[in-house]
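I opened a fresh notebook page for this one. Here is what I looked up, entry by entry.

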Amino acid sequence: MPCKFMHCCGVANKRWITFQHLNFLKRMYVTQYNKDLSQQAKPKSDPVAPPFLEKKHLGQEKTVLREIRPASPLHPPLSETSNRNEFKAVKSAAIVEDLATAVGAESKEEKQWKEMKLQLDDLPGILARLSKIKLTALVVSTASAGFAMAPVPFDLTCFLLTSIGTGLASCAANSINQFFEVPFDSNMNRTKNRPLVRGQISPLLAVSFAASCAVPGIALLTLGVNPLTGALGAFNIFLYTCCYTPMKRMSIVNTWVGAVVGAIPPIMGWTAATGSLDAGALLLGGILYSWQFPHFNALSWGLREDYSRGGYCMMSVTHPAMCRRVALRHCLALIGLSTMAPILDVTTWNFPLISLPINLYISYLGFRFYRDADRSSSRKLFFCSLWHLPMLLLLMLTCKKSLIEKENKSELLS
Amino acid sequence: MAAALRAGLRAGSGTRRCFSGAGGGAGLLAAERGHEPESRGSSFCPPAHSCNDWIGPPDRQSNLRPIVFHIPKNESPLGRRLREFRQETQVWNQQFWASQNVSFRKEKEEFVYSRLKAKGLEMKDETGQKVTLNAEEMADFYKDFLSKNFKKHMCYNREWYKRNFTITFLMGQVAFERAWRRLGWKKTKVGN
């Protein structure tokens with residue numbers, strides 16, 4: 001269920017910043033100013049760029065005023081009357097220009113009106129965006145990691161069913177989330193091009209799509225895998241859509257709820273493989289849970305203005321010191337959790353050793369963020385978290401305690 | 001003179017143009033063509049042959065996209081109820097977000113001004129550039145704004161969730177009703 005599970009995107013309207021978004025352009029906006037027809041050029045950041053990075057330009061905004069000579073007279077002056085004519089001509093030329101600009105602006109505005117007719121060709125793309133397909137893919141990969149780490153022989157059918165079921169559940173949850181958040185998404189830069197905001201799909205269709213993903217997804221998990229995994233999936237959908245999403249506007253506790261949402265998919269992967277909720281599953285969940293905090297807290301540091309205006313209750317706005325403290329705390333927790341892995345027989349002792357460099361690095365960045373509390377340190381921490389998690393999971397997979405080793409160990413003990 | 005020019009432009013335009021000054025006129029025009037007129041008096045009129053809703057660019061103040069609703073010829077009472085409720089919700093949403101964003105901007109300006117004054121600085125520096133505070137200085141304002149408007153946001157959220165569910169439920173009912181009707185017509189066709 002996992003919508004925001006991976007939290008690579010974390011919570012609904014903030015997150016997923018891809019590397020494509022790292023490049024953005026400035027646009028010049030020309031506005032008419034008084035009857036003097038002076039041009040005011042105002043550089044403005046590209047709205048497609050994430051507000052997180054856009055913030056950089058707030059301090060660099062400039063307004064440059066340039067004077068433009070009024071339109072030249074239509075007739076050469078001949079006499080007094082012709083002077084008056086000239087004045088009239090200038091005035092009418094100005095009016096013509098005014099109207100022409102108005103008409104031009106209006107025709108431009110008219111072109112931006114779109115018929116709300118569902119285009120079947122566009123439907124796959126629309127549904128992909130509605131279900132936050134990239135985030136869903138990441139969520140499915142954390143569930144797969146959970147499945148792969150489970151100490152049982154690999155079952156391909158079970159693996160595929162788990163992946164598909166988790167993916168469908170994630171699509172459903174993401175769609176409902178977008179359904180709830182239309183006016184809020186409209187007001188935040190990185191979410192304002194979502195399908196429901198743009199009217200490309202009706203709310204009814206969005207809800208129907210969500211239902212048609214949730215039902216087969218949970219059914220697949222419950223009947224095709226095991227009831228425990230199905231229950232976890234259903235619970236996660238509920239947690240994300242009915243707890244986390246409304247809570248975003250009520251209390252800062254939403255971040256902790258969101259972290260749980262992100263932690264459940266790997267647990268689901270594990271329970272799908274083993275059929276039970278072992279310590280190993282909880283450990284994996286714990287790692288994902290802790291990871292959410294440096295990831296999200298760092299990201300939210302640059303979105304404070306949008307959150308404040310949109311009415312979102314986030315630590316970065318209301319309790320900035322706590323925000324940084326919690327991020328650092330959980331960076332350090334990752335070291336502790338990595339050390340727990342061999343103790344719980346999930347990995348060999350190689351894992352805490354080889355993961356120490358990256359864990360120490362993210363903790364260092366967490367400490368810098370805690371101490372400096374500025375945009376640059378928050379960005380560094382956020383971008384580090386993007387590669388830290390996949391790396392950590394990969395290292396974990398390579399250090400997985402093999403079944404043969406375990407059997408030998410238990411034979412020796414008995 | 002100006003009026004003559006305007007008329008000339010209109011005649012020469014060739015397409016349906018409704019000037020923003022004629023908001024009411026555009027509204028009537030839209031209504032004649034089977035679409036609900038824009039309450040804000042914007043200039044857009046959907047083409048007469050269209051039987052769908054039309055959605056516009058984001059509003060400058062509220063960032064919400066206005067919708068011009070299509071009034072079907074054989075609109076049922078349920079369909080009418082849905083359309084009117086959606087129109088009402090749109091107006092309500094527009095009012096909330098426009099006032100929210102405007103007051104945010106205004107209060108932000110006031111905050112920046114007062115902070116700069118306290119520092120002994122002007123709003124614009126020597127080159128005419130607007131002086132801004134950095135994110136850390138603005139943090140106090142963001143926190144303050146959020147806590148001041150908390151109750152207002154709570155009320156808005158509750159109301160929004162209620163309306164969103166109601167609209168979607170009504171949409172479902174209307175869709176079902178239409179399907180039922182179509183099924184009914186098919187049956188009579190087959191019967192004849």
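Before sorting any residues, I fixed my classes: Ala, Val, Leu, Ile, Met, Phe, Trp, Tyr, Cys and Pro count as nonpolar, Asp, Glu, Lys and Arg as charged, and the others, Gly among them, as polar.

Ground rules. I am working with a predicted model, where local features need pLDDT of at least 70 and side-chain atom pairs count only at pLDDT 80 or more, while totals for chains, interfaces and linings use all residues. Residues are numbered from 1 along each chain as its sequence is written, chains are lettered from A in the order in which they are written, and side-chain values use heavy atoms, without hydrogens and water.

Chain A. I found 17 helices and 4 strands, taken as DSSP runs (H or I, at least four residues; E, at least two) numbered from the N terminus. Of its 414 residues, 52% are buried, meaning under 20% relative accessible area with a 1.4 Å probe, protein chains only.

Interface. I noted 54 residues from chain A and 58 from chain B in the contact (heavy atoms within 4.5 Å). The two chains bury about 5000 Å² between them, 61% of it on carbon and sulfur atoms; this is the accessible area (1.4 Å probe) lost on being put together, summed over both. A:Trp113, A:Met116 and A:Arg309 supply 16% of the area that chain A buries against chain B, more than any other three residues.

Lining of the second largest pocket. Which element gives the most to this lining? I found that α5(B) does, with 9 residues. The lining divides into 16 nonpolar, 11 polar and 11 charged residues. For the term itself, I used a 1 Å grid over the protein atoms alone: a pocket is an open set of points where a 1.4 Å probe fits, with protein on both sides within 12 Å along at least five of seven lines, and lining residues have an atom within 4 Å of a point.

How values were computed: Buried means under 20% relative accessible area, exposed over 50%, partly exposed in between (1.4 Å probe, protein chains only).
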